[in-house]
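Please look through the structure below before reading on. The text after it explains how its parts are arranged.

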Amino acid sequence: MKYVDEYRKKDLILSISEKLKSVSNKEIVLMEVCGGHTMAIHRFGLHSLLPSNIKLISGPGCPVCVSSQHFIDTAMAYSKLSGVIITTYGDLIRVPGSTTSLEKERANGSDVRIIYSVLDALEIAKSNPEKSVVFLGIGFETTAPLTAAAILQAQKENIPNFFVLSAHKVMPPVMKALVNEGVKINGFIAPGHVSAITGTAIYDDLASVYKLGVVVSGFEPVDMMQSVLMLAEQLESVTPKVEVQYQRVVQHDGNKIAQQILEDVFDLRDDQWRGLGTIPKSGLKIRENLAAFDAEKHFQVEVPLSTEPKGCICGQILRGLKTPVDCRLFAKKCTPADPVGACMVSGEGTCATYYKYRS
Amino acid sequence: MNKKEDKILLGHGSGGRLMHDLIENLFLKHFSNTILNEQTDAAILKVGSDEIAFTTDSFVIDPLFFPGGNIGKLAVCGTVNDLAVSGAEPLYLSVSMIIEEGFPMKDLETIVESLAAEAQKAGVKIVTGDTKVVNKGKCDKLFINTAGIGRVKKENRLVSKAMDILPGDVIIINGTIGDHGMAVMNARESFNFRTSVESDCASLNQLIREVLDQSPVKFMRDPTRGGVATALNELAYKIQLGIELDESALPVTNGVKAMCELLGFDPLHIANEGKVLMVASEKDGNAILEILKKNELGRKSSIIGRVVADHPGKVVLKNETGGRRIVDSLSGDQLPRIC
């Protein structure tokens, strides 16, 4: 398959692996921020192709995983309201809330529908004018423009029964928060699809102020290996900078139209992250002039104080402080079939990835 | 069930782990008997000195019409294949219909014609049936149940029992995986993928007969809901040996591969309706491969893996780059209502 096979070529991967052995003998710890990267690393067995002085740790880049318990519980509360249809991307319906999950609420009679594009939610709203359709907006700069476009479309077409519960987040603040918190890393493998939208300047101060190298990477094994090589080379040259490995997709300035749409629809706000607490200016909230589409403005629900599952260390895993094997619930009480924490639900979650590739 | 659910979730019907738990902890608990406890695709019954295979299956697929078939064709293939993988020669089917008030007669006619055509192709007779009509909104358009019986030849009676499987035995499949699930998904959801992915829905009894008449097979299973991954996990668990799959040997069409890449699915979890997994010794395996490849329904057959002594009870996939991963049973309802 074009654009896939050429980036999975064994000889190419092995030649980069070989090169990595000689490029640096420093102890290097790199964080792959994105859940998609974590998946690729494990799926293609890349850990075993890295020299022993280079380690990769997983970061907070899985949207389902970082969504706060309060967000899940709010979605659950909406799902119990009469006349409400909840629309969501698949993974979210299995995330355990404080007391229940959307999957279970669906069995209890709630109307919860899995969609593959936010535009499907708009269609559902149009064909069910008597119902309120709530889209659960999760994800980073990658998916947020789609949600924003749907809101603008709803405004244009005058669809009054379409609402968004936004848990959209932006990437750079959490990366800085982790470093500020003392997570010891030497560089970031940054998510390619975020920069496809935002461009690369969002990471400039990570290099200039925090003195950390950032390589914006693609998601195939050759991409990942090359990104590791580029970061190792940066560390040898002692000049941290922002580089793009994923050049077939990412341009320096990003996608200006998507950036404009994001700006038209969302404002930054302080936002809650699972296991990381509140991070200033890290979330996207719907702007006042579009409040008619903001589920939080429209529905009044009581959401009980959210509790994170007992014994679950998702938070420390999301901060790269621990790995799933450090968790006593992992693969015992917490499995993909019966998940305790969000990181075990999402296909991109670190725990689900470790579980799947634990052989 | 790990944690007792107080309501049925869609995942309980997905063919994955939740359904397995439901069968184990509810149905088997109450229905338990020596025949049912075998949990084979079809029950093997002794009638006088003969043995017959008996099975049943319900079809609730949405949409009713999809590229490569419709619910009628599927209702025959599904039951015929359950009999065939049990080593039986399918003979007779029943067809029961639950129809929603207001269902278009023309569609029903098309579906019935497909049922008849596929039955004829498979060489089975539809000998009894039942019709129920329910109020509008009380069922979704049309549900079909078929049951079937077939004759079991003495020499094939153990093929569903997975006996004598040893490390080194090979796993064979008669063609590409994931086509049915992805074709149905593409027809149902509004992806508008411009793809030629078609359901592989087909009756496999004649293909299987050609193999059984010429070569010993240790085990067969049709990897329907839950896909190849779930079928092989059940096998690995049963025989308490490991199974190692070779990613580069898995036949997957480019269309299915692309849809799975885009949607984040694993082709190993996607349903098939015209596929059979066979386990045989390495020597017989190569002979079986030749036999399969001569048949239209087996042209893309491949040895996709082997039985190993390592990691008993688990299925492991190795890829070209040296990565290895555990292939789990499907958990949850990745693709509901695909059959």
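The paragraphs that follow treat the domains and then one strand with its neighbours.

This is a predicted model, in which local features need pLDDT of at least 70 and side-chain atom pairs count only at pLDDT 80 or more, while totals for chains, interfaces and linings use all residues. Residues are numbered from 1 along each chain as its sequence is written, and chains are lettered from A and ligands numbered from 1 in the order in which they are written.

Chain A is assigned domain 1 (1–20 + 28–297) and domain 2 (314–356); such bounds come from an automatic or database domain assignment. Between domain 1 of chain A and domain 2 of chain A, 25 residues of the former are in contact with 18 residues of the latter (C-beta atoms, placed from the backbone, within 7 Å). On the side of domain 1 of chain A that touches domain 2 of chain A, the elements giving two or more residues are α2 (35–43), β2 (54–61), α3 (63–66) and α8 (171–181) of chain A. Helices (H or I, at least four residues) and strands (E, at least two) are DSSP runs, numbered from the N terminus. The largest share of that side, five residues, comes from α2(A).

Within chain A, strand β5 (residues 132–137) has six of its six residues buried (20 or more other C-beta atoms within 10 Å of a residue's own, C-beta atoms being placed from the backbone). Ser132(A), Val134(A) and Leu136(A) point one way from β5(A), and Val133(A), Phe135(A) and Gly137(A) the other way.

Strand β3 (residues 84–88) of chain A runs parallel to β5(A), joined by four bridges, and Ile86(A) has Val134(A) as its bridge partner. Five bridges join β5(A) to the parallel strand β6 (residues 162–166) of chain A, where Leu165(A) stands opposite Leu136(A).

Key. Contact = placed C-beta atoms within 7 Å. Buried ≥ 20, exposed ≤ 12 C-beta atoms within 10 Å, placed from the backbone. Pairing = 2+ DSSP bridges.
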